[in-house]
Amino acid sequence: MATMRAVRLHVPTRTLRVEEVERPVPGPGQVLVKVEAAGVCLSDVHLIDGSLTPLYLPGESVTLGHEIAGTVAELGPEAGRRQVGDRVVLQAGEQRDGITWTRGVDYDGGWAEYALARTDTLFTLPDAIPFEQGAIIPDAVSTPWGAVTATGAVRPAEPVGVWGVGGLGAHGVQLLRVIGANPIVAVDPSPAARERALAFGADLALDSADPELAAKIGAATGGTGLAAAFDFAGVPAVREQAMTVLGAHGRLVLVGLTDQPLTVANSIRFSYLQQQILGHYGSEDTAVPELISLAAGGRLDFSRSISGVLPLEQAAEAVERLHTKQGDPIRLILKP
Ligand SMILES: NC(=O)c1ccc[n+]([C@@H]2O[C@H](COP(=O)([O-])OP(=O)(O)OC[C@H]3O[C@@H](n4cnc5c(N)ncnc54)[C@H](O)[C@@H]3O)[C@@H](O)[C@H]2O)c1
């Protein structure tokens, strides 16, 4: 039996361990991918700290990692046009009986030497895009892309706000710039995150603790307030703050995940201004290929997004660094 190293989370005890496990064999319509790079997301931190629990995981343990790029190592029967050696990016989830299962949450992910993937969840990664940058497209880039273009449906020249300029939010700012939102206001308590917001294309970057925040956003939007506000932080206070600076027909899009309740402090204002609160999860299947094409076409550049590359054995350290913001990471990558 061939084996491989994998970073496994035992869900009942939330214990994370590097284990030697059986190397999977691809079944019909599947390939085995040699993992070259796997991103570390705050959702992984949430899975480990217990604030996020897999919905569909059949067993008690799972290999984490939903942002993966690699090369096809082995073909199962009926693997279609795929060939050994293809450079690929893996979709962060797949449909099973009409339900979206999330990779590295509901089934084994890519914090491992190898990962199984259904061929319909693979996209070719052009040679010009390094594996580390390709790996973060599913989720760190595709989730804000879905939030901005589909759920938030931002149109050119709309004033927008981005709360949380970490892995998702930094790309949210970049994507809003590409689609022509104006102005783009970023809000984050971290000075480093505010600096990168400006570098990634925000027009204004504010501290969430700034007592003048509402007045500053009012001035930046000519008094209209924001057309769309994005929670890319998963912090309850963000939602309440964003609601106060949302304009008429404004949409608050909840991307960040928290197990805390949501409160609309002024519900008369909310109804009077016909505002909306929209939940967002993942992205449409078209997001990853669209983003690969935008990156290959020079419209997007993820070279600033990779803050460090660590071996699998240091997965716990990578998680800790993201959790504590040590070194102000955008995305950390595990490389088996
Ligand atoms: N809905 C989805 O499909 C989906 C997918 C992936 C991740 N997520 C969630 O999105 C959130 C962000 O993930 P990430 O990997 O980008 O995290 P991250 O840790 O890289 O970034 C979070 C940012 O939020 C900032 N922040 C903290 N408190 C804030 C406040 N009060 N106001 C504004 N900013 C604040 C932090 O300083 C940090 O810069 C997490 O909750 C994660 O679980 C959701």
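User: What makes strand β1 and β4 a pair, and in which sense do they pair?

Analyst: In this predicted model, β1 (residues 3-10) and β4 are joined over three bridges, in the antiparallel sense. Two strands pair if there are at least two bridges between them, and β1 and β4 have three, so they count as a pair. One position can be named: L9 stands opposite V62 in β4.

User: Why are β2 and β4 said to stand at the edges?

Analyst: The strand order is β2-β1-β4, in an open sheet of three strands with antiparallel pairing. β2 (15-22) and β4 (61-63) each have a single partner strand, so one side of each has no neighbour in the sheet. Neighbouring strands here are turned by 40° against each other on average, with direction ignored.

User: What joins strand β5 to β3, and what joins β5 to β6?

Analyst: β5 (residues 68-75) is joined to β3 (residues 30-40) by seven bridges, and the two run antiparallel. β5 is also joined to β6 (residues 87-90), by four bridges and again antiparallel. Since at least two bridges are required, both cases count as pairs. The bridge partner of V31 in β5 is L75, while A69 stands opposite V89 in β6.

User: Which strands make up the sheet of six, and in what sense do they pair?

Analyst: The order is β13-β12-β11-β14-β15-β16, an open sheet with parallel pairing. At its edges stand β13 (204-206) and β16 (276-279); each has a single partner strand, so one side of each is left without a neighbour. The twist from one strand to the next averages 20°.

User: What makes β12 and β13 a pair?

Analyst: Strand β12 (residues 184-187) pairs with β13 over three bridges in the parallel sense. The requirement is at least two bridges, and three were found, so the pair qualifies. Within it, A186 has A205 of β13 as its bridge partner.

User: Which helices lie across strands of this sheet, and at what angles do they run?

Analyst: Helix α4 (residues 167-178) lies across β11 (160-163), β12 and β14 (226-231), and runs at about 165° to β11. Helix α5 (residues 191-199) lies across β12 and β13, at about 170° to β13. The angles run from 0 to 180 degrees between N-to-C directions, so these values describe helices pointing nearly opposite to the named strands.

User: What is notable about the peptide bond from N182 to P183, and where is P183 placed?

Analyst: The peptide bond from N182 to P183 is cis, with omega near -10°. In general, most peptide bonds are trans. P183 is in the loop between α4 and β12.

User: What is the phi of D97, and where is D97 found?

Analyst: Phi of D97 is near 50°, which is positive in a residue other than glycine. Most residues other than glycine have a negative phi. D97 is found in the loop between β7 (93-96) and β8 (99-102).

User: What makes the links from T13 to H10 and T15 polar contacts?

Analyst: A polar contact needs a pair of N or O atoms within 3.5 Å. The side chains of T13 and H10 are joined at 2.6 Å, and the side chains of T13 and T15 make a contact at 2.6 Å. Both values lie within 3.5 Å, so the distance condition is satisfied. T13 itself lies in the loop between β1 and β2.

User: Which atoms of D188, R331 and H280 lie by the ligand, and at what distances?

Analyst: An N or O atom in the side chain of D188 is 2.7 Å from an oxygen atom of the ligand. A polar side-chain atom of R331 lies 2.9 Å from a ligand oxygen atom. For H280, a backbone N or O atom lies 3.0 Å from a nitrogen atom of the ligand. Of the 870 Å² of accessible area that the ligand has on its own, the protein covers 92%.

User: Which residues and elements surround the ligand?

Analyst: There are 30 residues around the ligand, of which G167, L168, D188, G282 and K325 come nearest. The elements giving two or more residues to the shell are α1 (42-49), α3 (137-151) and α4; α1 gives the most, with three residues. By class, the shell has 15 nonpolar, 11 polar and four charged residues.

Conventions
Residues are numbered from 1 along each chain as its sequence is written. This is a predicted model: local features need pLDDT of at least 70, side-chain atom pairs count only at pLDDT 80 or more; totals for chains, interfaces and linings use all residues. Side-chain values use heavy atoms; hydrogens and water are left out. Contact means heavy atoms within 4.5 Å. A residue is near a molecule or strand if one of its heavy atoms lies within 4 Å of it. A polar contact is a pair of N or O atoms within 3.5 Å; within protein, one must be able to donate a hydrogen and the other to accept it, and residues adjacent in sequence count only if both atoms are side-chain atoms. Accessible areas come from the Shrake-Rupley method with a 1.4 Å probe; for residues, only the protein chains shown count as cover. Ala, Val, Leu, Ile, Met, Phe, Trp, Tyr, Cys and Pro count as nonpolar, Asp, Glu, Lys and Arg as charged, and the others, Gly among them, as polar.
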